[in-house]
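Trainee: I'm new to this one. Could you walk me through it?
Mentor: Gladly! Let's look at it together.
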Amino acid sequence: MLEFAAAVFFLIVTPGPGVLSTAGVGSAYGWRPGLRYVAGLWAGTNLVALLVVSGLAAAALAIPWLRAALLWGSAAYLLYLAARIAFAGTRIAFIHPERPPGLRAGVALQAINPKAYAVNTALFSGFAFMAEAMAAETALKFLIMNLIWIPLHLLWLWAGVGLRRLDLAPRMQRGINGAMAASMLVVVALAVGAQL
C-alpha cells in the first residue's frame, strides 16, 4: 500500500496538463476561480479513473480511429496550452482567456488528458495489495489517490496564486513561462511517443 501511495504522489506531482493549468489559473485569476477549476479537474480525474477501472477506456481505445482521434485531439489541445504559456510574454499568467476556466473546463481537460489515462491505468492495474479482495482494494485506491491528489493540486494552485503576487523582472517571468511551455511540450511528446 505504501508503494501505491508513493506512486500516486510521484505520478501526480510531476508536471502535466492538470497541475500546470492549475498553477496557470491560480496565477491569472486567483483562489476562487482556481478552486472551481480544481473541482472540475478532480471530478474529471475520478471520471477517468472510473472509465479505466470499468474497462470502458480500454474498449474505446481499442478502436483504432477513435484512439487516433483522441490522441491527436489531446496533443493539439496540449500544444495550444503550451503555445499560450510560451507566448504569454512577460506576464506570469499561463492561461489568459477572457473568463476564468471553471468546473466544466477542468472536467473537459481531464477527459482528453493522456496523462490522466496513463496514470490511472498504471495505478489501478498495478500495485496489488489486496488481491483476494479486488473491490476493497479498488475503493481503497480511490481513497488514497484522492487524499494525495487534492492537497497536491491545492499546492499547485497556491504556487500559481503566489506567482501572481510577485513583482518579478520581465526576464524571470519569460523564463518561468518558457519552463512551463517546455514542460507541456515534454508531456505532448511523451503522450504521442507512447502511442506510436
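Trainee: Which residues form the nonpolar patch on the surface?
Mentor: Keep in mind that this is a predicted model, where local features need pLDDT of at least 70, side-chain atom pairs count only at pLDDT 80 or more, and totals for chains, interfaces and linings use all residues. Residues are numbered from 1 along each chain as its sequence is written, and side-chain values use heavy atoms, leaving out hydrogens and water. A patch like this joins nonpolar side chains (Val, Leu, Ile, Met, Phe, Trp, Tyr) within 5 Å, from residues with over 30% relative accessible area and no salt bridge. Together about 660 Å² is accessible (Shrake-Rupley method, 1.4 Å probe, only the protein chains shown counting as cover), and the members are Trp31, Leu35, Trp42, Ile150, Leu154, Leu155 and Trp158.

Trainee: Which element gives the most to the nonpolar patch?
Mentor: Helices here are DSSP runs (H or I, at least four residues), numbered from the N terminus. Two elements give two or more residues each: helix 3 (31-54) and helix 8. The top giver, with four residues, is helix 8.

Trainee: Is Trp42 buried, partly exposed or exposed?
Mentor: Trp42 is found in helix 3. Buried means under 20% relative accessible area and exposed over 50%, with partly exposed in between (1.4 Å probe, protein chains only). Trp42 has 36% relative accessibility, so it counts as partly exposed.

Trainee: With which residue does Lys141 form a salt bridge?
Mentor: A salt bridge is a side-chain nitrogen of Lys or Arg within 4 Å of a carboxyl oxygen of Asp or Glu. The closest N and O atoms are 2.9 Å apart, and the two residues sit four apart in helix 8 (residues 134-165), about one helical turn. The partner of Lys141 is Glu137.

Notes:
Patch = residues over 30% accessible without salt bridge, like charges linked within 9 Å, V, L, I, M, F, W, Y side chains within 5 Å.
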